[in-house]
Amino acid sequence: MRFAKLLSFLTLCFLVSPLSVIAHSGGQTGSSQAGCTPCHGGQAAATTVTLEGSRTVRSGQTGSFTFVVAHATNANAGFNVSIRQGGGNAGTLTPQFGAQNIGGELTHTTPMAMAGGSARFSFTWSAPAAHGV
């Protein structure tokens, strides 16, 4: 699967507010499709998001990815990732340090402290065995 197509299925949300009053400290699911606006009022222009990792993931293979949230002054960040097809999850997302899988979506376990102006959330995605996602 081409990287651009993978990105079209990855709808990402990130939490970059230092205010714990509006953050979901244990992670938030469902935001990868709804976006950040319902809880955070939208993305800050000074925030950048980068998805690093595999450029191609073929049927039945696994790719490694890192979701990077960068902001010069925020103290913490979070994220929410899902890969969907036809209203359901496509493939298998496996979290690494600082992330968890809830209902097939990945989200942070607690807000991750920014180090050097960014927070990094790593995960793997195993593509479905059947071609076409």
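This passage describes the overall fold and the aromatic pairs of a single chain, as seen in a predicted model.

In the predicted model, the chain contains 3 helices and 10 strands, and these elements follow one another along the sequence in the pattern α-β-α-α-β-β-β-β-β-β-β-β-β. Of the 133 residues in the chain, 38% are buried, and the accessible surface amounts to about 6600 Å², with carbon and sulfur atoms contributing 53% of that area. When contacts between residues at least 6 apart in sequence are considered, 70% of them join residues at least 24 apart.

The aromatic side chains provide particular examples of links between separate parts of the sequence. The structure holds 3 aromatic pairs, one of which is formed by phenylalanine 65 and phenylalanine 123, whose rings are stacked with a distance of 5.6 Å centre to centre and an angle of 25° between the planes. Because phenylalanine 65 belongs to strand β3 (residues 62-70) and phenylalanine 123 to strand β10 (residues 118-126), this pair ties together parts that are 58 residues apart in sequence. Both partners fall below the 20% relative accessible area under which a residue counts as buried: the value for phenylalanine 65 is 2%, and that for phenylalanine 123 is 1%.

Strand β10 also takes part in a second pair, in which phenylalanine 121 is the partner of phenylalanine 79 from strand β4 (residues 76-85). The rings of phenylalanine 79 and phenylalanine 121 are likewise stacked, at 4.5 Å centre to centre and with 20° between the planes. Since phenylalanine 79 lies in strand β4 and phenylalanine 121 in strand β10, the parts that this pair ties together are 42 residues apart in sequence. Phenylalanine 79 and phenylalanine 121 are both buried, and ring pairs link these two residues with Phe67 into a cluster.

Phenylalanine 79 is further involved in a polar contact through its backbone, as its backbone oxygen lies 3.0 Å from a polar atom of the side chain of threonine 107, a distance that is within the 3.5 Å limit used for such contacts. Threonine 107 is located in strand β8 (residues 105-108) and is itself buried, with a relative accessible area of 0%. Phenylalanine 79 thus combines a stacked ring pair with phenylalanine 121 and a backbone contact to the side chain of threonine 107.

Definitions and conventions:
Residues numbered from 1 in each chain as written. Predicted model: local features only at pLDDT ≥ 70, side-chain atom pairs only at ≥ 80, totals over all residues. Heavy atoms only, no water. Phe/Tyr/Trp six-rings, centres within 6.5 Å; stacked < 30°, edge-to-face > 60°. Helix = DSSP H or I, 4+ residues; strand = E, 2+ residues; numbered from the N terminus. Buried < 20%, exposed > 50% of the residue type's maximum accessible area, 1.4 Å probe, protein only. Polar contact = N/O pair within 3.5 Å; in protein donor to acceptor, adjacent residues only side chain to side chain. Contact = heavy atoms within 4.5 Å. Areas by Shrake-Rupley, 256 points an atom, 1.4 Å probe, with all protein chains shown as cover.
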